[in-house]
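Please open the model in your viewer and keep the sequence panel beside it, since this tour moves from one selection to the next and says what is there at each stop.

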Amino acid sequence: MRKHTESELCAERAATVIPGGVNSPVRAFGGVGGTPVFIKEARGSRLIDVDGNSYLDLVGSWGPMILGHAHPEVVAAVQEAAAKGTSFGAPTSGEIDLAEEITSRTNCEEIRLVSSGTEATMSALRVARGATGRDKVVKFAGCYHGHADAFLAAAGSGVATLGAPDSPGVPASATADTIVVPYNDIDAVAAAFEQNEGQIAAVITEAVPGNMGCVAPADGFNQKLYDLTRANGALLISDEVMTGFRVGPGGVKAPADLYTYGKVMGGGLPAAAFGGRRDLMEQLAPVGPIYQAGTLSGNPLAVAAGLTTLRLLTDDVYEKLDGLAEQIGKMASSALSEAGVAHYLSAPGNLFSIFFSENRVTNFNEAKAQNTGQYAAFFHTLLEEGVHLPPSAFECWFVSAAMTGEDLSHLETAFSRAARKAATVRL
Ligand SMILES: Cc1ncc(COP(=O)(O)O)c(C=O)c1O
């Protein structure tokens, strides 16, 4: 048995000064039970906790650490930037470099930098509302777009883990204009447009949903959404905070008017962006009347980490990431099959997850029907075996380019033990 004495002491201390002992709910292990491990440092594919235990990391800070932890070139870029001053509150050439890197990889003509995915989606919605002069927004159940009020209706991620359909503190008026429909249900979107004629500013979707576990869009779904928004004078916001620069050089790049990014583009520091068509983005202040701002937006350290990360993400790296995701997904799935555990491997790209359920999962209701008790047993056995999986059955697994052949061998043994443990949990 691994010792977790220091982590337990940290958890006790943390709980007295930080709500639940964590600064983001899913970190608290609410979805799997037990005490979270507190991390001291990380390098390459591995995390080291405060008790000195090492873990192969399949969370990657929920996406950003695509190159692995403490990548020497990213660290050097941040150190160099820090030595020159940590924030200026004035424009820098690095911001232009990052904006050029992003616009060259994506469908965006212009982008604006912010500090979190939440800010990016909140701002994109404001642009959509300002540009169309309409208020309503259609979102999908189980899609998570950060914690801005308008999106906290049937959201996935930590909200799914907590089982809270909504959040106290979000006024009814803030979600009164949010229409929630089931994911992959194009007829429901069409019906929403019919019932709210001339009132819908935008449809927002995750380009590939990753916050109810990983769910593949049905064939042509993103294109159909785009066509429906066109036909109804509304805009489509493609949320690529999770997929952007991870599933490929530019993300999913499905047709849309506005896009949001975060995670990978900050290289582990707080950077995010929203962008899209020039005519829409130029409605933002100071060019246009739609207000949006940020003291630390375009922070030089975050820009340095993000730019260095993106420049290191070459086609070869994406090939490696795709290969790793395929191998690891199949390895976990075979271990579960051998142990007789019903499951569904959902792997629409190098983002993937395993649902502990017999059936294919295409939406949030189907995702919620899985056996989270089996996932918890799988998770805790893996943790004991030195593998860090998301502490929730409703999250994607993230590979990093730092993973090695040795890591894969480690995983094979660990998956097999964890699958046998999961098999002991009654349905
Ligand atoms: C698709 C998506 N959008 C938005 C967000 C919010 O980003 P942040 O946590 O940086 O505010 C997330 C976070 O997980 C996300 O996955």
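## First stop: the enclosed space

In this predicted model, the largest cavity holds about 50 Å³ of space. A search for cavities of 30 Å³ or more gives a count of one. To see its walls, select G44, D57, G60, M65, I66, G68, H69, R246, F398, V399 and S400, which line the largest cavity. Coloured by class, this lining shows four nonpolar, five polar and two charged residues.

## Second stop: an open pocket

Turn next to the second largest pocket, where about 570 Å³ of space is found. Its lining is made up of 29 residues, and a convenient way in is to select E95, I111, R112, L113 and S297, which lie nearest the centre of the pocket. If you then display the secondary structure, look for α3 (93-105) and β4 (110-114), each of which supplies at least two residues of the lining of this pocket. By class, the lining of the second largest pocket comprises 15 nonpolar, 10 polar and four charged residues.

## Third stop: the annotated lysine

Now select K263, which an unreviewed UniProt entry annotates as a modified residue, N6-(pyridoxal phosphate)lysine. K263 sits in the loop between β9 (258-261) and β10 (272-276). Is K263 buried, partly exposed or exposed? Its relative accessible area is 26%, so K263 counts as partly exposed, because that class runs between the limits of 20% and 50%.

With K263 still selected, show its surroundings: setting aside neighbours within four places in sequence, K263 is in contact with W62, G63, P64, V241, M242, G268 and A271. Which backbone atom lies 3.0 Å from a polar atom of the K263 side chain? It is the backbone oxygen of W62, a residue that also appears among the contacts of K263.

## Last stop: a strand residue

Finally, select V180, which is found in strand β6 (residues 178-181). The relative accessibility of V180 is 33%, and V180 therefore counts as partly exposed. Apart from neighbours within four places in sequence, V180 is in contact with K139, F140, A141, A153 and A154. To end the tour, draw a distance from the C-alpha atom of V180 to that of A402, two residues that are 222 residues apart along the chain and whose C-alpha atoms are separated by 39 Å.

Notes:
Residues are numbered from 1 along each chain as its sequence is written. This is a predicted model: local features need pLDDT of at least 70, side-chain atom pairs count only at pLDDT 80 or more; totals for chains, interfaces and linings use all residues. Side-chain values use heavy atoms; hydrogens and water are left out. UniProt positions are given in the numbering used here, feature names are shortened, and annotations may be inferred rather than shown by experiment. Helices (H or I, at least four residues) and strands (E, at least two) are DSSP runs, numbered from the N terminus. Buried means under 20% relative accessible area, exposed over 50%, partly exposed in between (1.4 Å probe, protein chains only). Contact means heavy atoms within 4.5 Å. A polar contact is a pair of N or O atoms within 3.5 Å; within protein, one must be able to donate a hydrogen and the other to accept it, and residues adjacent in sequence count only if both atoms are side-chain atoms. On a 1 Å grid over the protein atoms alone, a cavity is a set of points where a 1.4 Å probe fits but cannot get out, and a pocket is an open set with protein on both sides within 12 Å along at least five of seven lines; lining residues have an atom within 4 Å of a point. Grid points are joined across faces, edges and corners, and a volume is the space filled by probe spheres set on the points. Ala, Val, Leu, Ile, Met, Phe, Trp, Tyr, Cys and Pro count as nonpolar, Asp, Glu, Lys and Arg as charged, and the others, Gly among them, as polar.
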